[in-house]
Structure formats: C-alpha cells, structure tokens
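Let's take a walk through this structure together, one piece at a time. Keep the view open beside you as you read.

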Amino acid sequence: MTADLEATASKDATLRIWRGDAGGGGLQDYTVPVNEGEVVLDILHRLQATQVPDLAVRWNCKAGKCGSCSAEVNGRPRLMCLARMGTFPADEPITITPLRAFPVIRDLVTDVSFNYEKAGRLPAFAPRPRDADGNHRMQQIDVERSQEFRKCIECFLCQDTCHVVRDHEENKPAFAGPRFLMRIAELDMHPLDTLDRKAQAQEDFGLGMCNITKCCSEVCPEGIHITDNALIPLKERVVDRKYDPITWLGRTIRRRS
Amino acid sequence: MVELERHEYDVVVIGAGGAGLRAAIEAHEQGARTAVVCKSLLGKAHTVMAEGGIAAAMGNVYPEDGWKVHFRDTMRGGKMLNHWRMAQLHAQEAPDRVRELEDWGALFDRTPEGLISQRDFGGHRFARLAHVGDRTGLELIRTLQQRTVALGIDVYMECTVTRLLTAPDGSISGAFGYWRESGRFVTWQAPSVVLATGGIGKSYRVTSNSWEYTGDGHSLALAAGATLVNMEFVQFHPTGMVWPPSVRGILVTESVRGDGGVLKNSAGNRFMFDYIPDYFRKETAETEEEADRWYTDKKNNRRPPELLPRDEVARAINSEVKAGRGSPHGGVLLDIASRRDAAYIQKRLPSMYHQFRELAEVDITAEAMEVGPTCHYVMGGVEVDPESAAALVPGLYAAGEVAGGMHGSNRLGGNSLSDLLVFGRRAGAAAAQRAAQAPAAPLDESAITEAAAAALAPFAREGGENPYTIQHDLQTTMNELVGIIRTRSEVVRALEQIEELKVRAKALTVEGHRQYNPGWHLALDLPHMLRVSECIARAALEREESRGGHTRDDFPGPEPEWGRLNVICTQDGEGIALHRQPLPVLPDELAEIFEEAP
C-alpha cells in the first residue's frame with residue numbers, strides 16, 4: 001500500500017501545493033517522479049518521504065473508503081486517493097489546496113470540527129421496540145433508501161462545495177450542510193425511527209437554505225444522489241406537512257376517494 | 001514542569017475503531033466518566049475497511065447454525081491454538097452484539113422474512129455473516145460513532161498516546177500523549193485504560209492496513225509490563241490488489257469468493273483443488289461440480305476449496321506464483337465475472353466494483369481481478385483474561401486486534417468484527433467496574449517529564465536520517481524476511497537488521513515544528529513498530545513448526561507438542577524476552593464438539 005520511495009519510472013510531475021497555516025501561506029511548486037497507476041496521494045507521500053517530511057496531509061485507507069484525504073485538486077473538491085495522476089494533462093502543474101469552506105490548520109489539513117458539532121446536535125436515532133422474539137423485521141426494499149445515505153464516508157466534500165457555506169461563513173450557525181441534512185433524511189426514512197424530523201430539518205438545520213443546485217451530489221465520491229434522493233424528498237415532506245395548502249388539500253382529497 | 005493539558009476520567013479508551021467505541025459505550029453506560037483517544041478523526045478508524053460482514057450464529061438463513069458450530073469453526077480455523085474460553089464467549093455473544101447494533105441505527109441487508117441476512121465466508125460452515133453489501137465495516141463504525149456521539153462521550157480526535165503511566169505498585173494510573181494538530185502534550189489520569197489500537201500491518205511493505213497500524217497498543221502494553229501472546233501469527237489475506245503498484249495490498253474482500261468467485265492460475269485452472277489439506281479434506285468439495293452446487297445446496301455438497309481458511313489460500317497463491325503460474329503482475333486471477341451476472345455483482349459487491357474501476361480501471365463484471373497475499377491482521381496480541389479482557393497489569397484492558405488468543409494461529413473472516421463487539425463490550429464493562437472500586441493513583445510527574453523529553457528529542461538532533469527511510473527499510477525487512485513463508489536464517493537476519501534499525505531510529509532527525517507534522521508523528525510511531533517487529537521475528541524463530549499464520553520452510557508441518565504451547569513476549573530492558581507457556585486445556589464438554597462429524 002505504500003508507494004515506493006524511489007520511483008522507478010522517469011516521468012516527473014509538478015505539484016503546486018498550498019503550504020501555510022492559519023496565519024497565511026501560498027502555493028509552492030515541487031517536482032516529483034510519478035509511476036504508472038499512481039494517485040495524487042501517492043505523490044504527496046513520495047514528497048513527504050523525499051523532500052518535505054513535515055508536509056501536513058490527512059489520510060487513512062488510501063482506497064476511497066474512509067474519506068480522510070479530501071482536498072481541492074485543480075479547484076475541484078475530491079479525494080486525493082482516487083485522483084489518478086494519469087487523468088491530468090502531463091505538462092501542466094497540478095494545484096492542490098485545502099478545503100476552502102473550513103479553516104486551515106496547516107498545509108492541506110483543515111479544521112473540520114464544524115461537521116462534528118453539527119453531528120452532535122442532531123437528535124439521535126429513536127427506534128421502535130423489537131418484536132417479541134427479540135428481532136427487528138424490515139424488508140430489503142424499505143431499508144435500501146436509508147442504506148444509500150449510509151454509504152456516506154464523511155469526506156465532507158459536499159459540505160465544502162455547498163455554496164450556502166462555501167463563501168458564507170455567516171450561514172454556518174443556521175445550516176447543517178448536505179451531509180447532515182441527508183442524515184436527517186436517512187433517519188426520517190429509517191423503517192425503525194419514531195421521531196418526526198421534518199420540523200427540525202427546516203427550523204434547526206436550515207433545510208430551507210438549500211436551493212437544490214446539486215453541487216453536493218456532483219462531488220460525492222460514493223455517487224450518492226444527495227439532492228435527488230435525500231434533500232428534495234425531505235423538502236417535499238416538510239412542505240407536505242407544514243406549508244403547502246395545495247399539497248395538503250390534494251392529499252386530503254385523494255384519501256377521501 | 002512540562003506545559004500540558006490535564007484530564008481526569010474513570011476509563012480512557014485508546015483507539016476509536018469498533019472495539020474502542022464499543023468499550024467506551026459500555027463503560028459510559030455503566031456510569032464511568034469515559035474518554036476515547038484516537039489518532040485520526042472519529043469515524044476513520046481501520047474498522048471502516050472491513051468489507052464482508054460480522055460473523056454471528058444467528059441462524060437467520062440456516063436455522064441449524066448455533067454457537068457450538070461457530071465455536072468449532074473458529075477453533076479449527078485457528079488450528080486449535082485459540083484460547084477456548086474466548087472462542088466460546090465470542091460465539092455465544094456475537095448474535096446479541098449484532099442485534100443491538102440495530103437498536104442504534106444499523107441497517108443490515110435483509111432476508112425475505114425481514115431478518116438480518118447472512119452470507120457465506122471462508123471457514124464458516126453456514127452462511128453466517130451479517131452484512132451491508134461489502135461495506136459492513138463502515139456500517140459498524142458509523143453506528144458506533146453515532147451512538148458514541150448520542151451518549152455525549154468525550155472524544156479526543158487526532159491525539160496520540162505515547163506512554164501508559166503506572167503507579168508505584170505497577171497498576172495503571174493514566175496515559176500521556178500529544179495533540180497531532182498542535183503538538184501540545186496531554187495527560188489523562190484514570191484507573192482504567194482500554195487498549196483498542198488495532199494491529200501492526202504498517203511494519204510490512206505490502207499491507208491492507210493504514211498508517212495508523214503501527215502496533216502502538218502492543219508496544220504500550222509491553223512497556224507497561226504486560227505480556228504479548230503468539231506474535232508469530234500474522235495473517236496474510238489471500239486477496240489483495242497487485243496492480244497498479246500504488247494500490248498493491250489493498251484488500252479485495254473474501255465475499256467475492258463467498259458470492260461465487262473462484263481463483264485461477266495463468267493456465268486457467270482452479271488450482272485450489274490441488275491444495276486441500278488433510279485437515280479440511282472431509283469438509284471440502286473434491287470436484288468443481290460439487291463446489292459449484294454448494295452455493296445453492298449446502299446440505300448435500302461440500303465447500304469450495306476457495307473458501308478454505310485464509311492461511312491455506314494465501315499459501316496456495318504464493319506457491320502458484322512461485323511455480324511460475326501467476327498472473328501478469330505477480331498474482332493470480334480472481335474471477336467472478338464469468339460466474340455471476342453483472343447486476344448480481346454490482347448489488348453484492350458495490351465497493352469492489354467501485355474500487356477496481358477507480359483504482360485499476362478494471363470492470364470486475366467483465367474481467368478477472370489480479371490478486372495476491374497482503375499483510376492484513378495480527379492474531380498475536382496482549383495476553384488477556386477472557387471474561388474481562390484484563391491484561392496482566394492491573395487497570396489495563398485490551399480488546400479487538402490488539403488482544404491475543406481469540407483467533408489462535410489464524411482468524412476466520414468475519415470473526416474480527418464480532419470479536420470487536422464482544423470483547424470491546426467486556427473490556428468496557430470490566431474497566432468501569434474497576435474504576436468504581438479503585439481510585440486513580442496520582443500521576444508520576446517524573447515519568448511525564450521524561451515522556452515529554454523523549455517526544456521532543458528528534459527535533460533537537462541534527463544530521464540524522466528522516467523517519468520515512470527507516471520505516472521503509474523496516475517494511476522491506478519484515479516483508480522479505482518475516483513474511484508469509486519463513487526460515488531460520490532469514491528470521492535471524494531480520495533480527496540483526498531490526499537491531500541496526502533501532503540504532504538508526506535513535507539518531508533520526510525531524511524537520512519543522514510541532515504543529516501537524518507527519519514526519520514527527522512517524523518518528524514517534526517508529527519505536528512501537530520496531531518493538532512489535534522484534535516480537536514477531538523472535539516468536540517466529542522460537543516456534544519451530546508451521547501452523548496457521550506462521551509457516552516455517554524449515555519446519556513444514558504442525559507439531560503436536562507446539563499445539564499445546566503459547567509463545568509469550570515480555571519487555572526486557574531494550575529488548576524482548578520470550579518464554580513458552582502451556583495453552584489452556586479445552587474442557588471435556590467442549591472437546592466433544594470436535595468429535596462430531598464435520
């Protein structure tokens with residue numbers, strides 16, 4: 001899993017990496033050898049091992065499963081372990097900067113505590129009791145909707161790219177971001193959950209601020225349809241419940257017939 | 001006095017994977033003031049990489065399954081070197097541990113009756129693994145993470161423990177560490193510490209393990225006076241990716257084989273039929289036809305040899321490659337494309353589909369995968385009491401991969417996630433109970449001063465090597481000389497090289513400052529890596545037989561005498577001392593289970 005320190009192939013790449021801390025910083029160019037099949041994270045590891053041992057970067061699994069190595073590669077939020085070097089033009093520098101929506105700690109590492117604070121404020125899962133034999137019974141078709149959202153690896157790329165907070169620090173207190181609105185949708189669609197989560201989604205976590213531009217879905221490395229399958233249905237349920245007399249009327253009429 | 005942040009708890013859990021979080025939840029629920037300390041962000045621990053499932057004899061798919069069958073499979077998979085009581089508790093309690101995950105929000109795949117579905121895996125007689133596609137580890141970690149957050153348990157993220165602190169009587173008094181973000185020091189005073197730090201795989205070059213797997217818990221335990229058991233047993237998972245080079249070692253789940261995938265050599269032969277050991281012959285299919293029928297009719301057919309325990313399959317792949325029958329990049333072929341339709345593969349193995357497409361540009365619904373053995377898991381670990389997960393040091397507990405004994409000489413797939421839950425809970429409960437009875441001892445201030453000085457020493461030295469070079473050389477040594485097949489002369493050479501690496505590590509230099517400095521972090525992990533590597537090599541030299549995850553070319557078979565012995569490591573000054581210790585004897589009522597027909 002560790003890329004060889006000494007590259008055997010002889011192709012060089014230029015990486016333009018943001019280096020600095022909360023006090024400031026800037027882009028610096030590095031020339032690093034690249035082997036066949038490598039990803040951006042491999043090149044950063046080689047850079048650490050051979051030129052810049054204190055280059056700060058988060059990573060864990062290096063297989064797209066843990067969501068640690070999030071950064072912006074040529075301006076696009078992505079996982080560096082899935083960004084294959086071969087997909088970039090060979091003669092142009094690759095620019096790597098920290099996630100813009102979060103305060104930088106050092107180099108490519110940002111303070112993502114915003115996300116953990118939001119997670120801590122969500123009302124917890126509240127299941128119905130088990131069946132008499134000690135089991136919960138659920139049909140596959142009923143668990144699949146929430147299962148899609150539980151594929152989330154918490155890379156926070158959706159949080160980073162969402163324009164509600166990306167350049168609007170002032171919106172952060174009122175807005176939980178796509179990841180946690182999706183979590184509310186997940187719980188709302190969970191076959192065992194007993195809480196009504198629609199009001200809180202709107203009032204406490206800022207669902208109304210989302211105007212479904214789908215930027216979050218576009219950057220999701222898991223391919224979760226955040227907007228289409230989580231946020232829009234959640235908005236519809238909120239509207240259904242609270243605000244929209246026409247929908248309410250429609251439902252009522254349908255029920256009568 | 002050292003400038004540091006001080007905290008006080010009843011129970012401090014080191015590690016936030018499945019075992020650590022399960023321990024913390026239990027300790028908290030028993031009323032203990034509990035903290036979790038972890039090297040990465042919460043939710044990123046290596047448990048997230050587990051794919052196939054959680055082994056638990058729930059009987060949802062095969063009602064004839066039960067704890068005795070699971071116990072038997074586990075013991076036979078470990079070649080009877082398991083601590084029988086751990087294997088028994090594990091098999092008995094795993095179903096309840098899985099069910100309670102549902103109360104905390106987990107959403108497993110379902111049977112047509114709406115129960116938790118269970119899938120086939122190597123070495124398990126019945127379909128037994130509760131799963132969510134092939135991302136079960138993610139489901140487990142997220143469920144436990146969300147439960148931890150809901151309970152309001154304190155979590156110290158991106159914080160590394162470098163020392164356990166002990167009282168004059170040798171019992172635990174707390175831990176010392178640093179924040180990775182700032183480099184500032186922290187102490188936690190606590191009468192109970194639970195080690196849940198995972199494994200040691202980062203000491204090997206080809207591994208499925210992440211940077212965190214530097215054997216911290218094994219090493220901290222030794223330094224505090226605890227013992228390690230059977231460190232020679234390292235599991236090489238038979239199927240890691242082999243191409244391209246940058247992904248070499250990344251795991252390819254055993255579910256591929258559980259769901260119908262087969263291994264082929266360059267001639268297109270299902271070579272596993274040539275490697276069925278006598279030990280498993282009675283329960284393994286003899287022909288491809290019988291093996292293929294088994295997937296749908298388990299009563300009248302025997303298991304495909306591709307689903308032998310991992311040690312058997314890994315050795316077979318190694319032999320095929322050595323004999324020149326490997327795939328283009330030095331592995332063998334894992335083929336599910338020609339055996340199952342694309343929709344089935346994408347439904348059952350979505351992560352594998354995604355992983356091969358993104359990292360290797362291979363479509364697993366159309367082509368075979370190239371796979372080969374990768375260092376995956378250490379069966380050896382801290383010697384613990386089965387009931388309480390207590391180590392020999394009062395106040396110290398260990399659960400999950402860092403603990404030893406449960407899996408004997410080889411772990412079955414799926415038994416890790418269940419192990420985390422069963423013994424994580426037991427460790428948390430015992431740690432909380434001790435804390436309720438034993439007040440925390442005052443911290444040894446001189447030990448804190450010494451720990452801080454040791455942590456900062458690499459900055460003060462000049463002109464030394466950088467830590468990455470030393471880590472790289474250690475990985476090469478372990479991979480080449482204490483890998484899947486071992487011989488005396490090579491292990492002796494490894495021990496000589498480890499001695500040289502220890503000297504080099506003492507002279508290394510770290511550049512930069514204390515704020516989020518990966519070079520410094522690695523410099524502080526290296527002594528742990530060297531210490532556990534020495535344990536593995538010494539134990540591998542001591543055990544003159546081949547069994548499970550320890551294969552000696554110069555002692556190719558199992559020896560009955562060694563089947564009754566554990567190898568115990570202790571810290572001896574700067575080095576490691578070994579002794580042999582009799583294995584706990586299986587009681588008669590459990591021995592009977594092995595006399596029944598397979």
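A quick bit of vocabulary helps here: helices (H or I, at least four residues) and strands (E, at least two) are DSSP runs, numbered from the N terminus. The expected span of a helix is 1.5 Å times one less than its number of residues. What you have is a predicted model, where local features need a pLDDT of at least 70 and side-chain atom pairs count only at pLDDT 80 or more, while totals for chains, interfaces and linings use all residues. Residues are numbered from 1 along each chain as its sequence is written, and chains are lettered from A and ligands numbered from 1 in the order in which they are written.

Try that span rule on helix 3 of chain B, residues 84-103. Its 20 residues should cover 28 Å at 1.5 Å a residue, and the end C-alpha atoms lie 30 Å apart, so the two agree. Still, there is a kink of about 45° at B:Glu93, shortly before the proline B:Pro95; the bend at a residue is the angle between axes fitted to the seven residues ending there and the seven starting there. Among the buried residues of this helix are B:Trp84, B:Met86, B:His90, B:Pro95 and B:Leu101. Here, buried means that 20 or more other C-beta atoms lie within 10 Å of the residue's own, exposed means 12 or fewer, and partly exposed is in between, with C-beta atoms placed from the backbone. The buried residues of helix 3 pack against several elements of chain B, including helix 2 (67-77), helix 4 and helix 12 (415-437). Just after helix 3 of chain B, B:Gly105 takes a positive phi of about 110°.

Helix 4 of chain B (residues 136-151) makes a good next stop. With 16 residues, it reaches 23 Å from its first C-alpha to its last, close to the 22 Å expected. Because 13 of its 16 residues are buried, helix 4 of chain B is largely enclosed by the rest of the structure. Right after it comes B:Gly152, with a positive phi of about 75°.

Further along chain B is helix 13 (residues 445-460), where 16 residues reach 22 Å, close to the 22 Å expected. A kink of about 30° lies at B:Ala454, shortly before the proline B:Pro458. The buried residues of helix 13 are B:Ile448, B:Ala451, B:Ala452, B:Ala455 and B:Pro458. They pack against strand 8 (159-166), strand 9 (172-179), strand 10 (185-189) and helix 16 of chain B.

Between strand 10 and strand 11 (192-195) of chain B runs a loop, and B:Pro191 sits in it. Is B:Pro191 buried or exposed? It counts as buried, because 25 other C-beta atoms lie within 10 Å. Setting aside neighbours within four places in sequence, its contacts include B:Asp10, B:Ile172, B:Arg434 and B:Ala440; two residues are in contact if their C-beta atoms, placed from the backbone, lie within 7 Å.

Now for the interior. A nonpolar core is a set of buried Ala, Val, Leu, Ile, Met, Phe, Trp, Tyr and Cys residues joined through C-beta atoms within 7 Å. The largest one has 259 residues, and those with the most contacts inside it are A:Leu181, B:Val194, B:Leu195, B:Tyr397 and B:Ala398. Helix 16 of chain B (residues 518-542) gives the most to this core, with 14 residues. In soluble globular proteins, nonpolar side chains tend to be buried together. Beyond its neighbours within four places in sequence, A:Leu181 touches residues including A:Ala176, A:Phe205, A:Cys210 and A:Leu234.

That brings us to chain A, which has 10 helices and seven strands. Of its 257 residues, 49% count as buried. A:Pro233 belongs to helix 9 (residues 226-243) of chain A, and it counts as partly exposed because it has 15 C-beta neighbours inside 10 Å.

How do the chains meet? The contact takes 50 residues from chain A and 53 residues from chain B. On the side of chain A that touches chain B, helix 3 of chain A gives the most, with five residues.

Finally, a word on confidence. pLDDT is the predictor's confidence in each residue, from 0 to 100. Chain B has a mean of 96, and chain A averages 91. Over residues 1-7 of chain A, though, the pLDDT is below 50. Where pLDDT is low, the predicted coordinates should not be read in detail. For the complex, the predictor gives an ipTM of 0.93 and a pTM of 0.95.
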